[in-house]
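Here is a walk through one protein model, written for someone meeting it fresh. Take a look at the picture, then read on.

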Amino acid sequence: MELPINFIAIPIAAVAALFIGALWYNPKFGFGMAWMRESGMTEERMKSGNIAIIFGLALVFAAMLSFLLMQFTNHQWGALSMVGAKPELAKPSFEAFMADYGNTFRTFKHGALHGAMFGILGALPIIGTIALFERKSTKYIAINAGYWIVTLTVMGSILCGL
């Protein structure tokens, strides 16, 4: 049995995060103007910084998040953890179990559910807590948490369904 890692889905999900962000935070299309106002961002400040580093690191972070999210969307990780992540040392019953259930709940819909749960129960509290201490508005929290809830829903769908 091989690890339940889909090395094709991880970069696709990571790129999806950047694509959704480009739409979500776009001043002409999405919540960009409201986000700029609520975060204190200016057009001048948006043009500063090294864009290659910003987007490069954002892609690396999204890939890291994809790898983590895959473990929440694909239940086969739980079975694998029960044998110490060494399926070659598992009892024969593990192979039988994986033969019966190795693809259970591996759908876009199931991944979307877990991605949304991860966004609501993971991203929202983290963003909300930071924003409260930074004295940011409810609108700021809604825009940023909304982005992550939608993004993690899409990422989860990709990670579980491909």
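Before we talk about how helices lie against one another, one bit of vocabulary: angles under 35 degrees count as roughly parallel, over 145 as roughly antiparallel, 65 to 115 as roughly perpendicular, and the rest as oblique. Also worth knowing is that this is a predicted model, where local features need pLDDT of at least 70 and side-chain atom pairs count only at pLDDT 80 or more, while totals for chains, interfaces and linings use all residues. Residues are numbered from 1 along each chain as its sequence is written, and side-chain values use heavy atoms, with hydrogens and water left out.

**The overall layout**

The protein chain has eight helices and zero strands, so its pattern along the sequence reads α-α-α-α-α-α-α-α. Here, helices (H or I, at least four residues) and strands (E, at least two) are DSSP runs, numbered from the N terminus. Along the principal axes, the C-alpha atoms of the chain fill a box of roughly 60 × 30 × 25 Å.

An unreviewed UniProt entry lists residues 6-27, 48-72, 112-133 and 140-159 under "transmembrane region". Those positions are given in the numbering used here, feature names are shortened, and annotations may be inferred rather than shown by experiment. How do two of these spans look in the model? Residues 48-72 are 88% helix and 0% strand, with end C-alpha atoms 36 Å apart. Residues 140-159 are 100% helix and 0% strand, and their end C-alpha atoms lie 28 Å apart.

**Who packs against α8?**

Helix α8 covers residues 138-161, and three of its partners are set out below. The axes are lines fitted to C-alpha atoms, for helices over the stretch in contact, and angles run from 0 to 180 degrees between N-to-C directions.

| Partner of α8 | Axis distance | Crossing angle |
|---|---|---|
| α1 (residues 9-24) | within 9 Å | roughly 150 degrees |
| α4 (residues 51-73) | 9 Å | about 65 degrees |
| α7 (residues 108-133) | within 7 Å | roughly 150 degrees |

Let's start with α1. Given its angle, α1 is roughly antiparallel to α8, and the crossing of the two is right-handed. (A crossing is left-handed if the near helix is turned anticlockwise from the far one by less than a right angle, and right-handed if clockwise.) On the α1 side, the residues that meet α8 include A9, I12, A16, I20 and W24. Among those they meet in α8 are I143, Y147, V150, V154 and I158. Contact here means heavy atoms within 4.5 Å. By class, this contact has 16 nonpolar, three polar and no charged residues. For that tally, Ala, Val, Leu, Ile, Met, Phe, Trp, Tyr, Cys and Pro count as nonpolar, Asp, Glu, Lys and Arg as charged, and the others, Gly among them, as polar.

Next up is α4, which packs against α8 at about 65 degrees. That makes α4 roughly perpendicular to α8, and their crossing is right-handed. A62, L65, S66, L69, M70 and T73 of α4 make the contact with W148, L152, M155, G156, L159 and C160 of α8. By class, there are nine nonpolar, three polar and no charged residues.

Finally, α7 and α8 are roughly antiparallel to each other, and α7 passes α8 in a right-handed crossing. Their contact has 17 nonpolar, 10 polar and no charged residues.

**A few local details**

How many aromatic pairs does the structure hold? There are seven. One of them is F97 with Y101, a tilted pair at 5.0 Å centre to centre, with 40 degrees between the planes. Rings of Phe, Tyr and Trp (its six-membered ring) pair if their centres lie within 6.5 Å; planes under 30 degrees apart count as stacked, over 60 as edge-to-face and the rest as tilted. F97 and Y101 both sit in helix α6 (residues 92-101), four residues apart, about one turn of the helix.

Two loops have a backbone feature to look for. F105, in the loop between α6 and α7, has a phi near 60 degrees, a positive value in a residue other than glycine. R135, in the loop between α7 and α8, has a positive phi of about 60 degrees although it is not a glycine.
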